[in-house]
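Student: I would like to learn how to read a protein structure step by step. Could we take one feature at a time, with the general idea before the case?

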Amino acid sequence: MKILFSKVLTNTDIQKRLAVPNNSLKHFELENGNCSKSFEVKDKNGFTWPFRCYVRNDGAYKKPVLSSGWRQFVLNKGVHQGDLITLYKDVEAEASYKIEVQRKIKLLGKECWYNLEPDQPTGATAQDKRKILLFGKECGYFLEPEQPTDATGEVIQD
């Protein structure tokens with residue numbers, strides 16, 4: 001996997017379209033003077049998102065953006081301004097793109113990035129497992145299901 005770009009998202013990126021760094025444009029392989037290209041991106045859980053990369057036809061600065069599909073991704077994933085997005089391309093698999101979204105948290109007084117979407121083991125849901133960065137290492141932990149308690153707070157045994 002090759003990192004195409006990483007970017008801390010701005011309000012415009014969230015509300016309208018994702019501005020892509022100009023030096024990443026070559027990785028989208030726009031051909032024959034086309035100003036746009038549709039492609040699919042997989043998130044960490046294997047879900048596929050259709051995106052379109054668009055560039056201006058005029059001027060020296062092309063100003064590439066991800067337009068179609070981007071806003072749907074933002075809304076469905078709950079992406080916020082200040083989140084870090086990383087787009088990857090698998091150089092071994094033809095036109096295979098992956099996306100990762102991370103959010104900054106403060107842990108033990110230190111700012112850390114954690115994956116917005118946890119990897120999901122078989123049989124687990126997104127609510128069962130979370131990942132955080134702890135001292136620079138990604139750590140996974142499972143949430144314990146709530147156990148019923150009585151009025152005194154004692155766990156009710158079946």
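Tutor: Let us begin with burial: a residue counts as buried when its relative accessible area is under 20%, as exposed when that area is over 50%, and as partly exposed in between. Please keep in mind throughout that this is a predicted model.

Student: With that cut-off, what share of the 158 residues of the protein chain counts as buried?

Tutor: The share that counts as buried is 32% of the 158 residues. Looking at the outside instead, the protein chain exposes about 10,200 Å², and carbon and sulfur atoms supply 48% of that area.

Student: How many helices and strands does the protein chain have, and in what order do they run?

Tutor: The chain has 2 helices and 10 strands. Read from the N terminus on, their order is β-α-β-β-β-β-α-β-β-β-β-β.

Student: What do contacts tell us about residues that are at least 24 apart in sequence?

Tutor: A contact here means that heavy atoms lie within 4.5 Å of each other. If we take the contacts between residues at least 6 apart in sequence, 44% of them join residues at least 24 apart.

Student: Let us try a single residue, then. Where is Ile14 found, and is Ile14 buried or exposed?

Tutor: Ile14 is found in helix α1, which covers residues 11–15, and Ile14 is buried, because its relative accessible area is 7%. Leaving out residues up to four places away in sequence, Ile14 touches Leu9, Arg71, Val74, Val79, His80 and Gln81. One of these partners, Arg71, is 57 residues from Ile14 in sequence, while the two C-alpha atoms are 7.2 Å apart in space.

Student: Gln81 is among those partners of Ile14. Is Gln81 buried or exposed?

Tutor: Gln81 is exposed, because its relative accessible area is 52%, and its place is the loop between α2 and β6. Beyond its neighbours within four places in sequence, Gln81 is in contact with Leu9, Thr10, Asn11 and Ile14. Gln81 and Leu9 are 72 residues apart along the chain, yet 5.2 Å separates their C-alpha atoms.

Student: Next I would like to read salt bridges. How should I recognise one, and what is the count of salt bridges here?

Tutor: You look for a side-chain nitrogen of Lys or Arg within 4 Å of a carboxyl oxygen of Asp or Glu. By this rule the count comes to 4 salt bridges. One of them joins Lys7 and Asp13, whose closest N and O atoms are 2.9 Å apart, and both Lys7 and Asp13 are buried.

Student: Which residue forms a salt bridge with Asp43?

Tutor: The partner of Asp43 is Lys77, and their closest N and O atoms are 2.7 Å apart. Lys77 lies in helix α2 (residues 70–77) and Asp43 in the loop between β3 and β4, so this pair ties together parts that are 34 residues apart in sequence. The two residues differ in cover: Lys77 counts as partly exposed at 22% relative accessibility, whereas Asp43 is buried, with a relative accessible area of 5%. Asp43 also lies 8.7 Å from Val101, C-alpha to C-alpha, although 58 residues separate the two in sequence.

Student: What about Arg103: which residue is its salt-bridge partner?

Tutor: Arg103 forms a salt bridge with Asp83, with 2.8 Å between the closest N and O atoms. This pair links distant parts of the chain, since Arg103 is in strand β7 (residues 96–107) and Asp83 in the loop between α2 and β6 (84–90), 20 residues apart. Arg103 counts as buried at 17% relative accessibility, and Asp83 counts as buried at 2%.

Student: Finally, which residues form the positive surface patch?

Tutor: Residues enter a patch when they have over 30% relative accessible area and no salt bridge. Here, Lys16, Arg17, Arg56 and Lys63 form a positive surface patch. One of them, Lys63, is found in the loop between β4 (48–54) and β5 (65–66), and Lys63 is partly exposed, with a relative accessible area of 43%.

Student: Which residues does Tyr54 touch?

Tutor: Not counting residues up to four places away in sequence, Tyr54 touches Cys35, Ser36, Lys63, Pro64, Val65 and Ser67. Tyr54 has its place in strand β4 and is partly exposed, with a relative accessible area of 38%.

Note on methods
Residues are numbered from 1 along each chain as its sequence is written. This is a predicted model: local features need pLDDT of at least 70, side-chain atom pairs count only at pLDDT 80 or more; totals for chains, interfaces and linings use all residues. Side-chain values use heavy atoms; hydrogens and water are left out. Patches are made of residues with over 30% relative accessible area and no salt bridge: like charges are joined within 9 Å, nonpolar side chains (Val, Leu, Ile, Met, Phe, Trp, Tyr) within 5 Å. Accessible areas come from the Shrake-Rupley method with a 1.4 Å probe; for residues, only the protein chains shown count as cover. Lys and Arg count as positive and Asp and Glu as negative; His and the chain ends are not counted. The place of a charge is taken as NZ of Lys, CZ of Arg, CG of Asp or CD of Glu. Helices (H or I, at least four residues) and strands (E, at least two) are DSSP runs, numbered from the N terminus. Buried means under 20% relative accessible area, exposed over 50%, partly exposed in between (1.4 Å probe, protein chains only).
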